[in-house]
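Thanks for sharing this one. Here are my notes, written so you can follow them with the structure open beside you.

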Amino acid sequence: MPILAAPQVTLSRMRRLLFFATLFALLSHWVACLIWAVEADAFLSLATPIDAAAPPAQQYFTCLYWSLTTLLRVPFVAPASAGGQLFTCVVIFVGAIIFAFFYGEVHAIVRMSLGATLARTAIINNLRAIF
């Protein structure tokens, strides 16, 4: 009976995860810049409103916070304009797709690892039964 080698997480799968993590970071930045442009004067927030007098870095990080919370979960902040609300709907949809992809990739990696463990356990049990 041949002893099975444990399947390793392939380098291509890890590269794919890294690529999509980088793409997610860029997407978050782009979404932050777009919401800053769309809602610069009318962006409502319970905690940190975008103030026109605030430094640009603070305005950007407020928008980046909004984009990350909207892409990863239900948004904490509501845009005021109809264009901003439509943009929010698109961002929530894209965030759901990204979440599903990452969940699927991580699930595949865990399942591959679990399959290798089960194969090793079966071989060890067969060897114990023989000896």
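The points below go from the overall fold to the core, and then to a few single residues.

1. First, a reminder that this is a predicted model. The protein has three helices and zero strands, and from the N terminus on its elements run α-α-α.

2. On the totals, the protein has 131 residues, of which 24% count as buried. Its accessible surface comes to about 8,800 Å², and carbon and sulfur atoms account for 74% of that. If you take contacts between residues at least 6 apart in sequence, 70% of them join residues at least 24 apart.

3. Helix 2 deserves a look of its own. It covers residues 56–72, 17 residues in total, and spans 24 Å from its first C-alpha to its last, close to the 24 Å expected at 1.5 Å a residue. Its buried residues are a mix of side chains: Gln59, Thr62, Ser67, Thr69 and Thr70 are on the list, along with Tyr60, Cys63, Leu64, Trp66 and Leu71.

4. Which residues make up the largest nonpolar core? There are 12 of them: Phe24, Val31, Ala32, Ile35, Tyr60, Cys63, Leu64, Trp66, Leu71, Phe87, Val91 and Ile98. Helix 1, helix 2 and helix 3 (82–130) each give two or more residues to this core, and helix 2 supplies the largest share, with five.

5. Ile98, one of the core residues, is a good place to zoom in. Setting aside neighbours within four places in sequence, Ile98 is in contact with Phe24 and Leu27. Of these partners, Phe24 is also listed in the core.

6. Val94 sits in helix 3. Is Val94 buried or partly exposed? It counts as partly exposed, because its relative accessibility is 28% and buried means under 20%. Beyond its neighbours within four places in sequence, Val94 is in contact with Leu27 and Leu71. The C-alpha atoms of Val94 and Leu71 are separated by 7.0 Å, though the two residues are 23 apart along the chain. Leu71 itself is among the buried residues of helix 2 and belongs to the core.

7. Finally, please look at the surface. Phe19, Leu23, Leu26 and Trp30 make a nonpolar patch of about 390 Å². Trp30 lies in helix 1 (residues 11–38) and counts as partly exposed because its relative accessibility is 45%, with exposed meaning over 50%.

Conventions:
Residues numbered from 1 in each chain as written. Predicted model: local features only at pLDDT ≥ 70, side-chain atom pairs only at ≥ 80, totals over all residues. Heavy atoms only, no water. Helix = DSSP H or I, 4+ residues; strand = E, 2+ residues; numbered from the N terminus. Expected span 1.5 Å × (residues − 1). Buried < 20%, exposed > 50% of the residue type's maximum accessible area, 1.4 Å probe, protein only. Patch = residues over 30% accessible without salt bridge, like charges linked within 9 Å, V, L, I, M, F, W, Y side chains within 5 Å. Areas by Shrake-Rupley, 256 points an atom, 1.4 Å probe, with all protein chains shown as cover. Salt bridge = Lys/Arg side-chain N within 4 Å of Asp/Glu carboxyl O. Core = buried A, V, L, I, M, F, W, Y, C linked by side-chain atoms within 4.5 Å. Contact = heavy atoms within 4.5 Å.
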